[in-house]
Protein chains: 2
Amino acid sequence: VKIGEVMTGGAVGEVIESRNPKFQPGDIVQGMFGWQQFAVSDGKEVRKVDPALAPVSTSLGVLGMPGLTAYFGLLEICRPKAGETVVVSGAAGAVGSLVGQIARIHGCRAVGIAGTDSKVLHLTDELGFDAAFNYKTTSDYRARLREMCPSGIDVYFDNVGGVITDAALWEINVGARIAICGQISQYNLEQPEMGPRLLWQLIVKRARIEGFLVFQFASRYREGLVQMAQWLKEGKLTYREQFEEGIENAPRAFLGMMRGENLGKQLVRVST
Amino acid sequence: VKIGEVMTGGAVGEVIESRNPKFQPGDIVQGMFGWQQFAVSDGKEVRKVDPALAPVSTSLGVLGMPGLTAYFGLLEICRPKAGETVVVSGAAGAVGSLVGQIARIHGCRAVGIAGTDSKVLHLTDELGFDAAFNYKTTSDYRARLREMCPSGIDVYFDNVGGVITDAALWEINVGARIAICGQISQYNLEQPEMGPRLLWQLIVKRARIEGFLVFQFASRYREGLVQMAQWLKEGKLTYREQFEEGIENAPRAFLGMMRGENLGKQLVRVST
């Protein structure tokens, strides 16, 4: 994004005027409209949202990209099997919180890593994670992972990268699968960070690290949304949204997210 | 291996005496007999070698573990498609030299990385690699890889790790597959080496890094050996063996291999 351009971002809103026969005034639509109160779109990569299904804000979270990222990233990239241990970093975020819950639905032990005690409590007490810890108050990540994953780590779903990912790599089991969904610890560095070379561990453990973008699964979004909506209806999935009021506060919400201040999906209400 | 124990290693030899009905004196057998002139075995994980098929030494190379490692590592872990570019490090070694040739058989562009000019010539002039370079006389690996892989890297078969692997990771295409077969640059370090954190590149490129051990494919060894023997017979595969004479010179041969002095499979003749 260049200075002066509209900041990129997903949004959901109401069609006010349309010259596209696919959309009528009053339709609720979701797309990459950017940080603005009104947007003009050619209708490509815009999808209609059914407001009867759930609050329309969920089209940006559990029933949108974060939900699909968790669903396909965990199930397709990591292929967890019942009884396995799934560790998620950034576990209280929009994606991570769903990954742990989907892991539980599939019969796995879900262990979350987050950055505040209240997030840790949220994971274990509200979302049903089997265990979780606050990495900011933990000195020995490997020891904590061993304690919380007595059978080792079969799946590691990574949103953060860096030293937390190093620790997880040390504790993986034979045949482990690691999905790289995000590397938030690395995005804002002025200098690229150095870390220990651990690829040899993949040989010893016959393990796999795979990066992905949710767009790879575009042809299957419908399947994912139907399943997530079903789990929501059955009460098997819980989600949290955090609203900032007013577009003028969007930068603050964004920076807060980068600092890990959000619990669940960070949203900004730009009109009512 | 503890001091005083027999050094571990694969060997091929003749059965002198047997109380196991599966083996008769005169049979040629291959197994992990260690560095010794005579060995006692319970017959487990010992396979008979057909001396009519090829020189029995090939049971330690192209028709043995190195051959199977190249075959299954490339075809099963990397799944190369015709027209793709396959880069191999340690390309003049027992495994790497076969990986490039199998890639060529499958219609891929094969690019090798090796540590002497004579190895590079061997790869391009005798083994049919499309391109190769000497990393010891190259300062900018990334630039050299870009030059030799004008369409980018689709498959990287890694025997070495370290800075060469960093460079390859920078140059991968979307959907790339990286097999970690060896990390020889890392094995003899007194301090674990640090390197740049590059996992974010796996997200951008939706790419995969997978470690493996040939034993994963034990149930399919026969299929691999039959195919490799067929390619040998058809003249599609070339292999090189380098003999050291006398068991007293085995340590020298081993250290030479660790330093990259061997071309193809390093062997030691312990009796005639």
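# A guided tour of the two-chain sheet and its surroundings

Begin by selecting Phe254(A), Leu255(A) and Met257(A), which together form a nonpolar patch on the surface with about 230 Å² of accessible area. Keep in mind throughout that this is a predicted model. Within the patch, Phe254(A) belongs to helix H9, which covers residues 250–258 of chain A, and its relative accessibility of 32% is the reason why Phe254(A) counts as partly exposed.

**The sheet**

Now show both chains as a cartoon and look for the open sheet of twelve strands, whose pairing is mixed and whose order is S6(A)-S5(A)-S4(A)-S7(A)-S8(A)-S10(A)-S10(B)-S8(B)-S7(B)-S4(B)-S5(B)-S6(B). Which strands stand at the edges? They are strand S6 (131–134) of chain A and strand S6 (131–134) of chain B, and each has a single partner strand, so one side of each is left without a neighbour in the sheet. If you follow the sheet across from strand to strand, neighbouring strands are turned by 15 degrees against each other on average, when direction is ignored.

**Strand S7 of chain A and its partners**

Select residues 153–158 of chain A next, which make up strand S7. Is this strand buried or exposed? Six of its six residues are buried, so S7(A) is largely enclosed by the rest of the structure. To see what flanks this strand within the sheet, add strand S4 (residues 85–89) of chain A, which runs parallel to S7(A) and is joined to it by three bridges; here Val87(A) stands opposite Tyr156(A). Then add strand S8 (residues 172–180) of chain A, which also runs parallel to S7(A) and is joined to it by five bridges, with Arg177(A) in S8(A) as the bridge partner of Val155(A). When you display the side chains here, it helps to recall that in a regular strand they alternate between the two faces of the sheet.

**The edge of chain B and the helices on the sheet**

Move to chain B and select strand S5 (residues 109–114), which pairs with S6(B) in the parallel sense over four bridges. A residue to pick out in this pair is Ile113(B), whose bridge partner in S6(B) is Phe133(B). Helix H2 (residues 96–105) of chain B packs on the sheet, where it touches S4, S5 and S7 of chain B, and its direction makes about 170 degrees with that of S4(B). Another helix to select is H1 (residues 65–78) of chain B, which lies across strand S4 (85–89), strand S7 (153–158), strand S8 (172–180) and strand S10 (208–211) of that chain and runs at about 145 degrees to S7(B).

**Two arginines with positive phi**

Just beyond that helix, in the loop between H1 and S4 of chain B, select Arg79(B). Its phi is near 45 degrees, a positive value in a residue other than glycine, and with a relative accessible area of 48% Arg79(B) is partly exposed. Most residues other than glycine have a negative phi. In chain A, Arg206(A) also has a positive phi, of about 45 degrees, although it is not a glycine. You will find Arg206(A) in the loop between helix H7 (200–204) and strand S10 (208–211) of chain A, where its relative accessibility of 31% makes it partly exposed.

**Salt bridges**

For the last stops, display the charged side chains; over all chains the count comes to 36 salt bridges. In chain A, select Arg144(A) and Glu147(A), which form a salt bridge with their closest N and O atoms 3.9 Å apart. Why are these two residues separated by about one helical turn? They are three residues apart in helix H4 (residues 141–148) of chain A. Arg144(A) is partly exposed at 25% relative accessibility, whereas Glu147(A) is exposed, with a relative accessible area of 56%.

Next, select Glu223(A) and Arg220(A), whose side chains meet in a salt bridge at 2.9 Å, N to O. Glu223(A) counts as partly exposed at 36% relative accessibility, and Arg220(A) is partly exposed with a relative accessible area of 26%. Adding Glu76(A) and Arg79(A) to the selection completes a network of salt bridges that links these residues with Arg220(A) and Glu223(A).

Finish in chain B with Arg259(B) and Glu261(B), which form a salt bridge with the closest N and O atoms 2.9 Å apart; in this pair, Glu261(B) counts as partly exposed at 49% relative accessibility.

Conventions
Residues are numbered from 1 along each chain as its sequence is written. Chains are lettered from A and ligands numbered from 1 in the order in which they are written. This is a predicted model: local features need pLDDT of at least 70, side-chain atom pairs count only at pLDDT 80 or more; totals for chains, interfaces and linings use all residues. Side-chain values use heavy atoms; hydrogens and water are left out. Patches are made of residues with over 30% relative accessible area and no salt bridge: like charges are joined within 9 Å, nonpolar side chains (Val, Leu, Ile, Met, Phe, Trp, Tyr) within 5 Å. Accessible areas come from the Shrake-Rupley method with a 1.4 Å probe; for residues, only the protein chains shown count as cover. A salt bridge is a side-chain nitrogen of Lys or Arg within 4 Å of a carboxyl oxygen of Asp or Glu. Buried means under 20% relative accessible area, exposed over 50%, partly exposed in between (1.4 Å probe, protein chains only). Two strands pair if DSSP finds at least two bridges between them. Axes are lines fitted to C-alpha atoms, for helices over the stretch in contact, and angles run from 0 to 180 degrees between N-to-C directions. Contact means heavy atoms within 4.5 Å.
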